[in-house]
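Where do the buried side chains of this chain gather, and what surrounds them? Let us walk through the model step by step.

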Amino acid sequence: MANSQKPWKVEYAKSSRSSCMTCENPIHKENLRFGKMVQATQFDGFMTIWNHAACILKKAKQIRSIDDVEGLDSLRWEDQQKIKQYVEDSGPAAVVAIMPVEYGIEVSQTSRASCKHCKQKIMKGEVRLSTALDGKGAKGLTWYHANCYMEHSPSTQVEKLAGWQNLPPSDQAAVSALVKKPPFAKRNEEKRTTSKAGKRKQDTTEDQDSKFTKAVGDVFESRSLKNDIVSADPQHSSDLVSKLEAQSKGLRKLKDNLKKHVTTVELREMLESNDQDSTGSLVDLRDSCADGMMFGALAKCPICSGSLCYSGGMYWCHRYQSAWSKCSYSTCEPERLKGKWKVPEETGNQYLSKVQNLFDYCHHHLLVVPMAIKLLIVNHNHQGLKAWLS
């Protein structure tokens, strides 16, 4: 599904070349800055108007919603909380709107609808899935090919979709074949099998991985975490906030250490040793290395074999499939290559030599939560979470 452009983006300045549109002073490298996305007049697309973060935050109601800001989850935790607090203090306009979503499946009766994912026509007789915002009527209705929807949300419980019972058995079987079990379910099955064999006691602590978030498309997939949140127990949401904070601070500390101890050439060599994309700015290289060291090297895009990169709560493939179109693949839970993150053997970097045995992706699990849900969790808004997850 295409990554829609958000009104704002936030980041630490990659250079000192930009100037603030508000105060007209330079924005120094590594300073926090906001970019206002505006329609370009000279080409078909958007251009970024940069501002100091302080120049934006001193004015009220500049940002309507926390979900309007791209790159927020890549900031330091303290800066995330500062921006979140600004949005909360801006009044009712900043409240994230939680619209109940209805999901359905049916056999297409016409060939008029187009798939939101691939932009191609859904032909008459093909199975199609729909998402509809309650109260929006036809304007809130979106259609997908069954295979396109399952590529984006492979663990969807299709049996619970409205209209499933009305599908012919052959179509039910075809759609069911597209469903994949989420990794935590496979691990739980392996635990039960091992327990029966006597290798592990029945009262073994439950798999902690199932407590982590898995958001695929618009469906919140982490069964254990979902049940914990819907239970409206503040303790569970507090635990999740603590995990999010620990993950954010851990990644930021790693990025700061890479900035302090590792050169650009060494970053590129480390990415190439792990079969990762070694192009991009110094900040991009540092982010890719930190992600790989903490969670494991990313596998290639299953559609076009391009490289994935993290942006806005999702991993996206940015490879061009043709001269005019990019690959549309995205996921919240990318496949990771087996084995530890590799550091070039010939490296003379003492920091990399010291930490190379500390990062084994099997012991670090990425916790990805959509920003709108994250805001509700941090605010302990359990009624809003129930509406979102139901």
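This is a predicted model. Start with its largest nonpolar core, which has 19 residues. Within that core, L258 and M270 touch the most other members. Four elements give two or more residues each to this core: α7 (234–261), α8, α9 (282–295) and α10 (350–355). The largest share is that of α9, with 6 residues.

Now look at M270. Leaving out residues up to four places away in sequence, M270 touches C289, M293, W341, K342, V343, P344 and L352. Apart from this core lies another one, of 17 residues. V127, A146, V158 and V175 are among its members.

Next comes helix α8, which spans residues 264–273. Its buried residues include M270, together with E266, L267 and L271. These residues lie on the same side of α8, because they cover an arc of only 135° around the axis. The spacing rule behind such a pattern is general. An α-helix has 3.6 residues a turn, so residues three or four places apart point the same way. On α8, the face turned away from the buried side carries V265 and E272, and both are exposed. After the helix comes D275, which has a positive phi, near 60°.

E266 leads on to another residue, N349. N349 sits in the loop between β12 (330–331) and α10. Is N349 buried or exposed? With a relative accessible area of 7%, N349 falls under the 20% cut-off, so N349 counts as buried. What does its side chain reach? One partner is the backbone oxygen of H261, at 2.8 Å. The side chain of N349 also makes a polar contact with the side chain of E266, at 2.9 Å. Setting aside residues up to four places away in sequence, N349 touches H261, V262 and E266.

The loop that holds N349 follows on from β12 towards α10, and β12 belongs to a sheet. Three strands make up this open sheet, in the order β10-β11-β12, with antiparallel pairing. Why is one side of β10 and of β12 left without a neighbour in the sheet? β10 (308–311) and β12 stand at the edges, and each has a single partner strand, so one side of each stays unpaired in the sheet. β11 covers residues 314–317 and pairs with β12 over 2 bridges, in the antiparallel sense. Y315 has T331 of β12 as its bridge partner.

How values were computed. Residues are numbered from 1 along each chain as its sequence is written. This is a predicted model: local features need pLDDT of at least 70, side-chain atom pairs count only at pLDDT 80 or more; totals for chains, interfaces and linings use all residues. Side-chain values use heavy atoms; hydrogens and water are left out. Buried means under 20% relative accessible area, exposed over 50%, partly exposed in between (1.4 Å probe, protein chains only). The arc is that of the directions from the helix axis to the C-beta atoms. A nonpolar core is a set of buried Ala, Val, Leu, Ile, Met, Phe, Trp, Tyr and Cys residues joined through side-chain atoms within 4.5 Å. Contact means heavy atoms within 4.5 Å. A polar contact is a pair of N or O atoms within 3.5 Å; within protein, one must be able to donate a hydrogen and the other to accept it, and residues adjacent in sequence count only if both atoms are side-chain atoms. Two strands pair if DSSP finds at least two bridges between them.
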